[in-house]
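Please open the model in your viewer and keep the selection box handy. We will take a short walk, one selection at a time.

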Amino acid sequence: MTDSLSDRERQRYARNLLIKEWSGEKKQLLLKNSKVLVVGAGGSGSPLLYYLTTAGVGTIIIADGDVLDISNLNRQILHNEEKVGKNKALSAQSTLTKLNSDISIVAHPYHVTDENIAEYADDCDLICCAADERNNRSAYKVLNRFSKDTQTPLSWAGGCYMGGFVTFI
């Protein structure tokens, strides 16, 4: 657990530190010392991962067993044409480490299962489900069970046609 920000971090997060309700460095340190699992690095996971990274969450774990297809590029902002055919978790990790090298980004290029969820979500402060419902419906059940058993907060985000939603469980 880190108890202070570096000068570089103070510069990077200067706009956050100006927010009255942010309590100076207190909330930024909370983010820096946080660990978040994001399941899904596609349409919903891409912007979520982007903002968690730029906000300064200290450890981000990405789990996604899907491979990038060219049809994904119109909405999955972490990926590009060079990464078509590559695993989405590894592609996202590559992009995000270039965006913020002060944090730790861990990629697990597999779908979540009852057998691996504890490894991925161990000591996480938050689990975010952005899994593709069509391909990974079982992820919802796995994450819900783990969240309930460990009392780890779970958020679920997704898109439907031209809209989206976020739910906290």
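The stops below go from the whole chain to single helices, loops and cysteines.

**The whole protein**

Start with a cartoon of everything, and keep in mind that this is a predicted model. You should find 7 helices and 6 strands. Trace the cartoon along the sequence, and the elements come in the pattern α-α-α-β-α-β-α-β-α-β-α-β-β. Now switch to a surface: the protein exposes about 9,700 Å², with 53% of that supplied by carbon and sulfur atoms. Of the 169 residues, 40% are buried. If you draw contacts with a separation of 6 or more, 59% of them join residues 24 or more positions apart.

**Helix α3**

Select residues 25-32, which form helix α3. Which residues of α3 are buried? They are Q28, L29 and L31. Look down the axis of α3 and these buried residues fall within an arc of 155°, so they line one face of the helix. Turn to the other side of α3 to see K26 and L30, both exposed. To find what covers the buried residues, add α2 (14-17) and α4 to the selection; both are included in that cover.

**Helix α4**

Stay with α4 and select residues 45-55. Colour G45, S46, L49, L52 and T53, the buried residues of this helix. Why do they sit on the same side of α4? Because they cover an arc of only 135° around the axis. As background while you rotate the view, an α-helix has 3.6 residues a turn, so residues three or four places apart point the same way.

Next, show the partners: the buried residues of α4 pack against two strands that you can pick as 35-39 (β1) and 59-63 (β2), and also against α5 (88-99) and β3 (104-108). Just after the helix, click on G56, which follows α4 and has a positive phi near 100°.

**A nonpolar patch**

Y50 also lies in α4, and this residue is partly exposed, with a relative accessible area of 30%. Select Y50 together with Y51 and I77 and show their surface: they make a nonpolar patch of about 340 Å².

**Two loops with positive phi**

Go to the loop between α6 (117-121) and β4 (126-129), where D123 is found. D123 is not a glycine, yet its phi is positive, about 65°. Is D123 buried or exposed? Its relative accessibility of 60% counts as exposed.

Then jump to the loop between α7 (137-150) and β5 (154-160) and pick Q151. Here too is a residue other than glycine with a positive phi, about 60°. Q151 is exposed, with a relative accessible area of 65%.

**The cysteines**

For the last stop, select C124, C128 and C129 and show their sulfur atoms. How many disulfides are there? The count is 0, where a disulfide would need two cysteine sulfur atoms within 2.5 Å. For C124, the nearest cysteine sulfur is that of C128, 9.3 Å away. C129 also has its closest cysteine sulfur in C128, at 9.1 Å, which is too far for a bond. Bring back the surface to check the cover: C124 is buried, with a relative accessible area of 8%, and C129 is buried at 3%.

Terms used:
Residues are numbered from 1 along each chain as its sequence is written. This is a predicted model: local features need pLDDT of at least 70, side-chain atom pairs count only at pLDDT 80 or more; totals for chains, interfaces and linings use all residues. Side-chain values use heavy atoms; hydrogens and water are left out. Patches are made of residues with over 30% relative accessible area and no salt bridge: like charges are joined within 9 Å, nonpolar side chains (Val, Leu, Ile, Met, Phe, Trp, Tyr) within 5 Å. Accessible areas come from the Shrake-Rupley method with a 1.4 Å probe; for residues, only the protein chains shown count as cover. A salt bridge is a side-chain nitrogen of Lys or Arg within 4 Å of a carboxyl oxygen of Asp or Glu. Helices (H or I, at least four residues) and strands (E, at least two) are DSSP runs, numbered from the N terminus. Buried means under 20% relative accessible area, exposed over 50%, partly exposed in between (1.4 Å probe, protein chains only). The arc is that of the directions from the helix axis to the C-beta atoms. Contact means heavy atoms within 4.5 Å.
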